[in-house]
Amino acid sequence: MSRQVWSPTRNLDLVTVNTGGGSLTLYFGDGTGKFTRAQEIPGIHGPASVVAFEANRGRRLDLAVVQAKESRLVVLENLGGRFKAGRTYEVGRAPHIVTKADLNRDGIPDLVVGSFARHTLSVFIGKGDGSFHNAREFQVGRFPHYVGVGDWNRDGHQDLALVCAGEDAVFILQGDGTGNLRKGGTLPTGANPHGIAVADVNGDALADLIVSTRSSGELYVFLGDGKGGFAPLPVIRTDQDIIALAAADFDRDGKLDLALVSASHNSVVMLQGDGKGGFLVRSP
Ligand SMILES: [Ca+2]
Ligand SMILES: [Ca+2]
Ligand SMILES: [Ca+2]
Ligand SMILES: [Ca+2]
């Protein structure tokens, strides 16, 4: 799922993948939190993940989709509300997640795609016209999954935090501002880590990481030190099978909260933040 604006109304919109149905659905926001109009984009076989990116310096918002079986990245060109499948790029077998970042600091979005079968990360540097240079491949940990993006060591180059489900860990990858990545630290988690959110949970203006695990239903909060290091806080146990999570101040008390997408109850579970990195399940 990707949250972005691509209708002329400037209201926040959503796009989701329908993996079994072979399509994407765009939901257009009405600015009040409701999505009153939807548009189906058919003909995308087995979409696994989608991201919206400004191919042309803000003049249009295109989509990039990874197809798991085809091991492909497909760019869907925005022709003013209508999307046309454009260029395709080969990625490592069984791609799961596509994420955008700007890894060479030119203001043009780049894409990173992890391969579940090859345990690699492909980096596509954007050209600025909706197309990408050939991928650079990096060998990473087993089963690379969700990717968090931020400048962990504050050197001006974007870095990544890569959830490796098969390693029970998050790998810190440091960017050098040219599209290359160098292995930084490893942050151990519980079994089968899945979702990741990047946010400042303790209000020190340094980016922190929140990682959820599926098998053990835990949340791991890592406080960033602004030098590329992260310190773990005590593990938060939930009884949820957490697929993904998002961080925002949902109750507007100035402290960051979490929304967990739970497969155990097919629901979204809200956790209230204490402003120090602690989170409590909110009573209904
Ligand atoms: Ca770039
Ligand atoms: Ca950096
Ligand atoms: Ca922080
Ligand atoms: Ca809050």
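This is a short talk on the fold of one protein, one of its sheets and one of its residues.

Before anything else, please keep in mind that what you see is a predicted model.

I will start with the whole chain. The protein has 25 strands and zero helices. Its radius of gyration is 18 Å, and the globule rule gives 19 Å for 284 residues, so the protein is as compact as a globular protein of that length. If you draw a box along the principal axes, the C-alpha atoms fill roughly 45 × 40 × 30 Å. As for burial, 40% of the 284 residues count as buried. On contacts, take those with a sequence separation of 6 or more: 35% of them are between residues 24 or more positions apart.

Now to one sheet. Which strands make it up, and in what order? It is an open sheet of four strands, ordered S13-S14-S15-S16, and the pairing is antiparallel. S13, residues 144–150, and S16 are the edge strands, each of them pairing on one side only. Ignoring direction, neighbouring strands in this sheet are turned by 25 degrees against each other on average. As a reminder, strands of a sheet pair through backbone hydrogen bonds, in either a parallel or an antiparallel way.

Let me go through two of the pairings. At one edge, S13 runs antiparallel to S14, residues 159–164, and five bridges join them. One bridge here links Pro144 to Cys164 in S14. At the other edge, S15 covers residues 169–175 and S16 covers residues 181–188; these two are antiparallel over six bridges. Gly175 has Leu181 of S16 as its bridge partner. S15 and S16 form a hairpin with five residues between the strands, and in that hairpin Gly177 takes a positive phi near 85 degrees.

Last, a single residue, Thr99. It sits in strand S9, which spans residues 95–101. Is Thr99 buried or exposed? It counts as buried, because it has 21 C-beta neighbours inside 10 Å, and the cut-off for buried is 20 or more. Leaving out residues up to four places away in sequence, Thr99 touches four valines by name: Val51, Val112, Val147 and Val149. Two of these, Val147 and Val149, fall within the 144–150 range of S13, which brings us back to the edge of the sheet I just described. Thr99 can also be placed relative to Ala64: the two are 35 residues apart in sequence, and their C-alpha atoms are 9.2 Å apart in space.

That is the end of the talk.

Notes: Residues are numbered from 1 along each chain as its sequence is written. Chains are lettered from A and ligands numbered from 1 in the order in which they are written. This is a predicted model: local features need pLDDT of at least 70, side-chain atom pairs count only at pLDDT 80 or more; totals for chains, interfaces and linings use all residues. A residue is buried if 20 or more other C-beta atoms lie within 10 Å of its own, exposed if 12 or fewer, and partly exposed in between; C-beta atoms are placed from the backbone. Two residues are in contact if their C-beta atoms, placed from the backbone, lie within 7 Å. The radius of gyration is taken over C-alpha atoms; the globule rule is 2.2 Å times the number of residues to the power 0.38. Two strands pair if DSSP finds at least two bridges between them. Axes are lines fitted to C-alpha atoms, for helices over the stretch in contact, and angles run from 0 to 180 degrees between N-to-C directions.
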